[in-house]
Amino acid sequence: MNNKTLRFTVTAMLAALTFVLGMTPIGIIPIPPANVTIMHIPVIIGALVCGKWTGVFLGFVFGLTSTIRAFTAPSALVSPLMGVSPILVIIMSMFSRLMIPLVAVLVHDLIAKKSSKIALPAAAACGTLTNTILYLGLMLVFYVLCGIDSAAVLSVIAGVGALNGSCEALAAVILCTPIVLAARKFLGNKL
C-alpha cells in the first residue's frame with residue numbers, strides 16, 4: 001500500500017469513527033445541562049499521526065456532526081441560542097472543532113523540542129481544552145450578543161467547562177497517548 005492510500009485509509013477510518021461517535025450515545029454523553037464528548041479524540045489522533053491538515057478535516061467532520069446534533073437534539077445550553085440564531089450555533093460548533101488539531105499539533109511541536117515524553121499528553125490535553133474553552137466561550141459571547149440572559153448561564157457554563165473539560169482532557173490523555181505512540185511505531189514514516 002502506498003503512502004497516499006494509507007493516509008486516505010487512516011483518515012477515512014478516523015472520520016467514520018468520529019461520525020459514529022457523534023451520531024450515537026457513545027460519543028456524546030448527555031449529562032444535563034450539557035454533553036460530555038469523546039468525539040475530539042479521533043481528531044487529535046489524526047492530527048498527531050497524519051498531520052494537522054488531516055486533523056483539520058477530522059475537525060470538520062466533528063463540527064458537522066456536532067451541528068447536526070445541535071439541530072436534532074440540542075442540549076439545554078444550546079436550545080436558547082438555537083431559537084435565536086441557528087447560524088451562530090453553526091459557527092460555534094464548527095470553529096471550536098477546527099481549532100482542536102491546530103492547537104494539538106502546535107503544542108506537540110513546541111513541547112517535543114524540549115521533552116518528547118510529555119509532548120503527546122500535553123497536546124491531547126490542550127487540544128481538548130481548546131474545544132471546551134472555545135465552544136463554551138463562544139456560547140457565552142453569542143448569548144450576550146443575542147440578548148439571552150447570560151448571567152443565568154454563566155455559572156452553568158463555568159461549571160460545565162470545569163467538570164466536562166477536565167474529564168474530557170483526562171480521557172484524551174489516557175486514550176490518545178498510547179494510541180498515537182502505537183500508530184507511529186506501526187506506521188513509521190509511511191504517512
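How much accessible surface does the chain have, and what share of it belongs to carbon and sulfur atoms? In this predicted model, the accessible surface of the chain comes to about 9300 Å², and carbon and sulfur atoms account for 76% of that surface. The secondary structure consists of seven helices and two strands, and the points below go from the chain as a whole to helix H2 and its partners, then to helices H6 and H7, and finally to a few single residues.

**The chain as a whole**

- Reading along the sequence, one meets the elements in the pattern α-β-β-α-α-α-α-α-α, so that the count of seven helices and two strands can be followed from one end of the chain to the other.
- For 191 residues, a compact globule would have a radius of gyration near 16 Å, and because the chain has 17 Å, the two values agree.
- The C-alpha trace spans about 50 × 35 × 25 Å when it is taken along the principal axes of the chain.
- Of the 191 residues in the chain, 47% are buried, a label that applies to residues with under 20% relative accessible area.
- When contacts between residues at least 6 apart in sequence are considered, 72% of them join residues that are at least 24 apart.

**Helix H2 and its surroundings**

- Helix H2 covers residues 40-50, and eleven of its eleven residues are buried, so this helix is largely enclosed by the rest of the structure.
- The buried residues of H2 include His 40, Ile 41, Pro 42 and Val 43 towards the beginning of the list, and Ala 47, Leu 48, Val 49 and Cys 50 towards its end.
- Directly after H2 comes Gly 51, a residue whose phi is positive, near 115 degrees.

**How H2 packs against H5**

- Helix H5 spans residues 86-112 and packs against H2 at an angle of about 50 degrees, with the two axes 9 Å apart.
- Angles under 35 degrees count as roughly parallel, over 145 as roughly antiparallel and 65 to 115 as roughly perpendicular, with the rest called oblique, and H2 and H5 are therefore oblique to each other.
- The crossing in which H2 passes H5 is right-handed, and the residues that make the contact are His 40, Val 43, Ile 44, Ala 47 and Leu 48 on the side of H2, together with Ile 100, Pro 101, Ala 104, Val 105 and His 108 on the side of H5.

**How H1 packs against H2**

- Helix H1, which holds residues 3-23, has an axis that comes within 9 Å of the axis of H2, and the two cross at roughly 170 degrees, which means that H1 is roughly antiparallel to H2.
- H1 passes H2 in a left-handed crossing, and the contact is made by Arg 7, Val 10, Leu 14, Leu 17, Thr 18 and Leu 21 of H1 with Pro 42, Ile 45, Gly 46 and Cys 50 of H2.

**Helices H6 and H7**

- The axes of H6 and H7 come within 7 Å and cross at roughly 155 degrees, and because of this angle H6 is roughly antiparallel to H7.
- The crossing of H6 and H7 is right-handed.
- Asn 131 belongs to helix H6, which runs over residues 116-145, and this residue counts as buried because its relative accessibility is 4%.
- Apart from neighbours within four places in sequence, Asn 131 is in contact with Thr 37, Phe 62, Ser 96, Arg 97, Ile 100 and Glu 168.
- Thr 177 sits in helix H7, made up of residues 150-187, and is also buried, with a relative accessible area of 15%.

**Two partly exposed residues of H5**

- Pro 86 lies in helix H5 and is partly exposed, since its relative accessible area is 33%.
- Not counting residues up to four places away in sequence, Pro 86 touches Phe 71 and Leu 81, whereas its C-alpha atom is 28 Å from that of Cys 126, a residue 40 places away in sequence.
- Asp 109 is likewise in helix H5 and is partly exposed, with a relative accessible area of 41%.
- The C-alpha atoms of Asp 109 and Leu 136 are separated by 26 Å, and these two residues are 27 apart along the chain.

How values were computed:
Residues numbered from 1 in each chain as written. Predicted model: local features only at pLDDT ≥ 70, side-chain atom pairs only at ≥ 80, totals over all residues. Heavy atoms only, no water. Helix = DSSP H or I, 4+ residues; strand = E, 2+ residues; numbered from the N terminus. Buried < 20%, exposed > 50% of the residue type's maximum accessible area, 1.4 Å probe, protein only. Rg over C-alpha atoms; globule rule 2.2 N^0.38 Å. Contact = heavy atoms within 4.5 Å. Areas by Shrake-Rupley, 256 points an atom, 1.4 Å probe, with all protein chains shown as cover. Axes fitted to C-alpha atoms, helices over the stretch in contact; angles between N-to-C directions. Left-handed = near helix turned anticlockwise from the far one by under 90°.
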